[in-house]
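Me: I'd like to go through this model with you and ask how each label is earned. Shall we look at it together?

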Amino acid sequence: MEYSHLVKGHCVPCEGGVKPLSLAEAKTYLSLLKTPWNLRGAVERITKKFEFKDFKQSMKFVNKIAITAEKEGHHPDISISYNKVIISLTTHAIGGLSPNDFILASKIELL
């Protein structure tokens, strides 16, 4: 798999019933992303901190993420602290990571 598969891909609805990615699978997906993301909670989620000039720029970024997340039907947890935005991605329905998390991460990287 290549980065282009992630960024051109689309999230698929997940209502559970599938296993989360293994550690090896998650590391393979992580290696495809263009920027470093952190693996948290064994294989529960990936996170990344973005820093901006000011609060206004942070909010512009968050609004772009919201539009992308709505299009994909996959929504990150977002924490905003003035010029810092922390994105946390997980697939809640399965209690861990799925390809959807990496698809959305790749699209966030392009923003």
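Me: What covers the buried residues of α3?

Reply: This is a predicted model, where local features need pLDDT of at least 70, side-chain atom pairs count only at pLDDT 80 or more, and totals for chains, interfaces and linings use all residues. Residues are numbered from 1 along each chain as its sequence is written, and side-chain values use heavy atoms, with hydrogens and water left out. The cover includes β2 (45–51), β3 (77–81), β4 (84–89) and α4 (99–109); contact here means heavy atoms within 4.5 Å.

Me: Which residues of α3 are called buried?

Reply: They are S58, F61, V62, I65, T68, A69 and E72. Buried stands for under 20% relative accessible area, exposed for over 50%, and partly exposed for in between (1.4 Å probe, protein chains only).

Me: Why are they said to line one face of the helix?

Reply: Down the axis of α3 the buried residues fall within an arc of 125°, so they line one face. That arc is taken over the directions from the helix axis to the C-beta atoms. On the face turned away sit the exposed K56, I67, E70 and K71.

Me: How do you know that the span of helix α3 agrees with its 18 residues?

Reply: The rule is 1.5 Å times one less than the number of residues. For residues 55–72 that gives 26 Å, and the end C-alpha atoms are 26 Å apart, so the two agree.

Me: What follows α3?

Reply: G73 does, with a positive phi near 70°.

Terms used. Helix = DSSP H or I, 4+ residues; strand = E, 2+ residues; numbered from the N terminus.
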